[in-house]
Protein chains: 2
Amino acid sequence: MRAVIRRNKQLICDEIPELTPGAGQVLVKTLACGICGSDLHALHHMEHMIETTRRASGGGDPGGFDPTADTVFGHEFCAEILDHGPGTTKALKVGTRVVSVPVTLTQTGMEALGYSNALPGGFAERMLLTEGMILEVPNGLPTDQAALTEPFAVGAHAVAKAKLDKDSVSLVIGCGPVGLAVIAGLKAKGHGPVIAADYSPRRRTAAEMLGADVVIDPAVESPHARWESFGVPTARAAQAMARMMGKTFGQPVVFECVGAPGILQALIEAAPAGSQIVVAGVCMETDKIEPAIAITKEIELTFVFGYSPEEFAYTLRQLSDGVIDVSRVVTGKVGLSEVAQAFVTLGDPEAHVKILVEPGR
Amino acid sequence: MRAVIRRNKQLICDEIPELTPGAGQVLVKTLACGICGSDLHALHHMEHMIETTRRASGGGDPGGFDPTADTVFGHEFCAEILDHGPGTTKALKVGTRVVSVPVTLTQTGMEALGYSNALPGGFAERMLLTEGMILEVPNGLPTDQAALTEPFAVGAHAVAKAKLDKDSVSLVIGCGPVGLAVIAGLKAKGHGPVIAADYSPRRRTAAEMLGADVVIDPAVESPHARWESFGVPTARAAQAMARMMGKTFGQPVVFECVGAPGILQALIEAAPAGSQIVVAGVCMETDKIEPAIAITKEIELTFVFGYSPEEFAYTLRQLSDGVIDVSRVVTGKVGLSEVAQAFVTLGDPEAHVKILVEPGR
């Protein structure tokens, strides 16, 4: 079958061996699979990502993954059941459209689909999924939108980690796919006002589309200047004074969805005292902070990653129930032979919001 | 009256003008006042501390404090009422021993005692306190111990900010005054096990004295190696596996009580996945972290500072009720003329736990 293979830090469209579903697995046809920012980073910096994972797991072996061997990316997918392996319940029939957290259990352990040497991710015509993890796409949700379950689950998780109360004002810094998922997650839970900021006009338009209440170009206006306009005093002394006068204001929460060095310290300095900064943007470089300022302001830095299976399922329901409208998020579709070019195109934030790969295209 | 004055980055014992209590104020005789690590730092780096405060308050004026003008340090005090100013209730009589959060209200605003050009702190024979903020020392609590209310309130606040549950294992890194206060705060609330680590034998002994369950010399053994011995899996995958097998373990919490560059990142790498790191040690230098590792492990960095008036009052009760036994914390007492030398002596962690200044000595 055909797939896009990462080999020698390049993307090559070529044949890979056919798959046979093992015990508990289903063979699926990949209908659509989004290109994630992590894929763009991993194309050139997989070794560094693996080193980070190794250090994060206390120096242990990160599941035997070899970043120099072939990998087929793709972890944001919607697929269709083609066949069932031995020991499956076949509760979902052949032809059923499904999504899944991108993890497949094998006899030797767990494979992270999209970052595995053993199993292909969604940039391949077919994949192997674990039957116990697949979820049927609820009737009527288009395939393109179902494929967005994974990136929007990231937003649901970040929002779940935020200490929001009913008066909270949230600030979302960066309106790429992570920022958009956070905005959608906030609005889906009824939170507001949500202030969103991005230098890119296209991304600001997308932020509006997903429900941000105020959308700001940081080149023109500081997003932090808006706190006070929503009644949140930024300095501790002003907060104490406001509370003495019986004024209430919610926990200020900032979502860092950029992932570049320097942003954290800029937020530590600009956010109101007592803010929670939920760090969802993945900065892969060493960063510098001034702990004394974070201490004086009693900042909380909450680093978040991924989502739980429950959050993934919850997000799928929110998309299918129309609580989150992602009908205009996909701005481009490509076949397997066009994936390498799409990776280049996505380097420009003005070009696209989300590109889906359709292996059958 | 006599006081120890910070002038030209030196400590000089000299006369300062007598004080007259204003509206709502009481004049007190300073009985004892602890020397704090912040004082040691401020002696040479006050300008930097003020710059940090200025940045933390969004660039505003930090209360008009001039770090180049004379200052009388001392914010950990026990005092005795000498006289009442106009408009006071006189609910506490002359001769009553009191403590207070080190803030005095004046007609022009708030003065932070110990870091004020207008009012002296506790390294002076007398001080002005705000009547509405003073607390009577409960019957029988020795003056030396009452003077420890302030530093131990810092521990109560740090513990209150920790997301401890009944199965939590806590690790306290650094057993200087902040670490000791955290250990005491944890044990006072019934938490355990508490693992404490410090390179200094004297500080390790103090940690044991305040109730740490395990005390470790990091030069001999990694304090982090002890997590697993208390049933806390350190890697995310091991945690997931343990939970699947029905095993429970509490939220791992690390208290950073050192305040030196590099410690935060060392803790981010060594702590179990999902740990909360409560940052109570004040690192005044720029620090470096690896956000990608903090994200992968979903670390929470909670920067904490000071305490509330309620936590201060609660700590005083805990000291007087014997819930926290601080009877052996004070290891030295000096008169005003010996304060400059005591600042030098405290540079050696082996020399002392806490030195009190007795202006009447």
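Me: First, the terms: helices (H or I, at least four residues) and strands (E, at least two) are DSSP runs, numbered from the N terminus. So where in chain B does P193(B) lie?

Reply: Keep in mind this is a predicted model, where local features need pLDDT of at least 70, side-chain atom pairs count only at pLDDT 80 or more, and totals for chains, interfaces and linings use all residues; side-chain values use heavy atoms, with hydrogens and water left out. Residues are numbered from 1 along each chain as its sequence is written, while chains are lettered from A and ligands numbered from 1 in the order in which they are written. P193(B) follows a cis peptide bond from G192(B), with omega about 0 degrees. Its place in chain B is the loop between α4 (177–188) and β11 (194–197).

Me: And over in chain A, what is omega for the peptide bond from G192(A) to P193(A)?

Reply: Most peptide bonds are trans. P193(A) sits in the loop between α4 (177–188) and β11 (194–197) of chain A. The bond from G192(A) into P193(A) is cis, with omega near -5 degrees.

Me: Any odd backbone angles? What is phi of N8(A)?

Reply: Most residues other than glycine have a negative phi. N8(A), in the loop between β1 (2–7) and β2 (10–15) of chain A, has a positive one though it isn't glycine. Phi of N8(A) is near 55 degrees.

Me: Which residue stands opposite T104(A) in β7(A)?

Reply: Two strands pair if DSSP finds at least two bridges between them. Here β6 (103–106) and β7 (109–112) of chain A run antiparallel, joined by four bridges, and they make a hairpin with two residues between them. Opposite T104(A) is E111(A).

Me: On to the two chains together: how much area do chain B and chain A bury between them?

Reply: Contact here means heavy atoms within 4.5 Å, and chain A and chain B each put 35 residues into it. Buried area is the accessible area (1.4 Å probe) that two parts lose on being put together, summed over both. Carbon and sulfur atoms carry 61% of the total, which is about 3500 Å².

Me: Which element gives the most to the side of chain B that touches chain A?

Reply: The rule finds four salt bridges across this interface, a salt bridge being a side-chain nitrogen of Lys or Arg within 4 Å of a carboxyl oxygen of Asp or Glu. Elements of chain B that give two or more residues to this side include α1 (37–56), α8 (263–270) and β14 (276–279). The top contributor, with six residues, is α9(B).

Me: Which residue forms a salt bridge with K161(B)?

Reply: Side chains of opposite charge can pair when their charged atoms come close. In one such pair, K161(A) meets E298(B) at 3.9 Å, N to O. K161(A) lies in helix α3 (149–161) of chain A and E298(B) in the loop between α9 and β16 of chain B, so that pair joins two chains. For K161(B), with the closest N and O atoms 3.8 Å apart, the partner is E298(A).

Me: What stands opposite K288(A) in β15(B)?

Reply: β15 (287–289) of chain A pairs with β15(B) in the antiparallel sense, over three bridges. The residue facing K288(A) there is K288(B).

Me: What relation do the copies have, in terms of an axis?

Reply: Copies are superposed by least squares on the C-alpha atoms of residues with pLDDT of at least 70 in both. Chain B goes onto chain A with an RMSD of 0.0 Å, by a turn of 180 degrees and a shift of 0.0 Å along the axis. That is the relation of a two-fold axis.
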